[in-house]
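Please open the model in your viewer and keep the sequence panel beside it, since the stops below are given by chain and residue number.

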Amino acid sequence: MKFLCTSCNTQMKLVKNEAPLKPDDHGSLSIRYECPDCLMEIAMLTNAFETQMVTSMGVEIGGKTVSKSQGITLDESGNMTEANGEPAAKCPFSQMARDSMMGASETDSANTNESEFPWTAQAMVRLQNIPEFARPMAKKGIEKFAHEKGFAQVTEECLDRAKEEFDM
Amino acid sequence: MSDSKQIKSYSDLAGDGGSNIMGQVVAHKAKIEANLSGIKYVIAVGSGKGGVGKSTISMHLASAFNRLGKRVSLLDADVNGPALARLAGLTEAPLIPGKNGLIVPKTKSGIGVISFGSLVPESEAVDFKSVASGDSHVWRATKEFSTLADFLADTDWGELDFLLIDLPPGAERCFQFAEFFGHKTSFILITIPSEVSQGVVARSIAAIKKTPSPIIGYIENMSGYYSADSKEVKPMFPSSNVKLDVPLLGSVPFDPVVAEHCDRGTITDSASSSPTNISLQDIATKIMNTLEA
């Protein structure tokens, strides 16, 4: 879907701001577009079907968030730093949009860096790079394994150890 | 703007203003293709008809390829009725994030299996929460396909000789999956001897033939009942008059002993002397020869 400012005959651009993009109680999203020439703003208002259809396609309004294909980089202490020049841990617009549009089963903390059991950034990157549907269960299973084996946090070493122990 | 001014059309505008939705779709498809590039043959096992043994035959064929020394994995594309996890004995398989995506759980004999049956307990429905709850008919199929696409893109399939994909029932589903997987995926169809089943399979063949995807042939499952006592195979269904316009790869008799192994998740341990297994081994060899010819 594209938007055209008919006064200027110019394509309108998505307005990215800090406010979280969340569907309302009826599943509707309000997404702002601006004409770069005359600065006129409009809002695209989706109904619940439209919101859900976009989510179901596996695409993200506002652009794709971090993934291995986007070149996540880690600093010396193992924290995620940049993905294509944007803050890697959370793109403030698209990640919020994605999280807010996903269902309860998928808005598990596996989709963010928040966890009661700590994960290193490298281990979290691995988790983010498996299919979204499998993340909550994988996260739960790995944390149980880490706890049982005495790991203080989930590290890549812990993941590799699980791979070995389960003979995979 | 005056009324006479011609406004730009969709194709006049580059991009979509910031989200790059089409770019995301194209990038995901490219990622899937790259992730499957180490797989020699992708085979979708379908039917159109439910209850004819698609999952059982898929698991048996994987075992047969495995016995031939081939590297093989299975993807259970039947999101709503996943059976491969149980058939493989992997209902509680560990899910481990590896360096290159999800590590594929394997059976003792080394057959990789990705199934929703390993992700969701059998007592629970596979559910996707939604802002459009109550109207899942609008979006559910799309969500299922995008979830399967995630599994194709974000699983570490590695180097394989065969990836077998167990499809859900539905003739139109065969068509949808043929489009979804593309022409590099070959199809095998499963039927039982009944005219009811073969009629539906004929419809599935017609549906797949609308796409560029090749059909290797069909397998007639439950072609008879094998009694270990009498060592005889007795017919289970009257013969059908429906002609299927693809090669018959072989007929597989029903052996209750092998069926018990299916329920226990020990197919790979079932006796190779059973006529069921002998037939499936022959079929696997025939499929391999066909693909490599």
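A residue is called buried here when its relative accessible area is under 20%, exposed when over 50%, and partly exposed in between, with a 1.4 Å probe and protein chains only. This is a predicted model, in which local features need pLDDT of at least 70 and side-chain atom pairs count only at pLDDT 80 or more, while totals for chains, interfaces and linings use all residues. Residues are numbered from 1 along each chain as its sequence is written, chains are lettered from A and ligands numbered from 1 in the order in which they are written, and side-chain values use heavy atoms, with hydrogens and water left out.

**Chain A, helix 3**

Helices (H or I, at least four residues) and strands (E, at least two) are DSSP runs, numbered from the N terminus. Select residues 121–128 of chain A, which form helix 3; seven of these eight residues are buried, so the helix is largely enclosed by the rest of the structure. Among the buried ones are A:Met124, A:Val125, A:Arg126 and A:Leu127. Next display helix 4 (135–148) and helix 5 (156–165) of chain A together with strand 3 (97–98) of chain B, which are included in what covers those buried residues through contacts, meaning heavy atoms within 4.5 Å.

**Chain A, the sheet**

Now select strands 3, 4 and 5 of chain A, which form an open sheet in the order 3-4-5 with antiparallel pairing, where two strands pair if DSSP finds at least two bridges between them. Strand 3 (13–14) and strand 5 stand at the edges, each with a single partner strand, so one side of each is left without a neighbour in the sheet. Strand 4 (residues 30–34) pairs with strand 5 (residues 41–45) over five bridges, and A:Ile31 stands opposite A:Met44. These two strands of chain A form a hairpin with six residues between them, and A:Leu39 in the turn has a positive phi of about 65°. On the other pairing, strand 3 meets strand 4 over two bridges, with A:Leu14 opposite A:Tyr33.

**Chain B, a buried alanine**

Move to B:Ala77, in the loop between strand 2 (72–76) and helix 3 (84–87) of chain B. Which residues does B:Ala77 touch, not counting residues up to four places away in sequence? They are B:Leu148, B:Ile165, B:Asp166, B:Leu167, B:Pro168 and B:Phe177. The C-alpha atoms of B:Ala77 and B:Leu167 are separated by 5.1 Å, although these residues are 90 apart along the chain. B:Ala77 is buried, with a relative accessible area of 2%.
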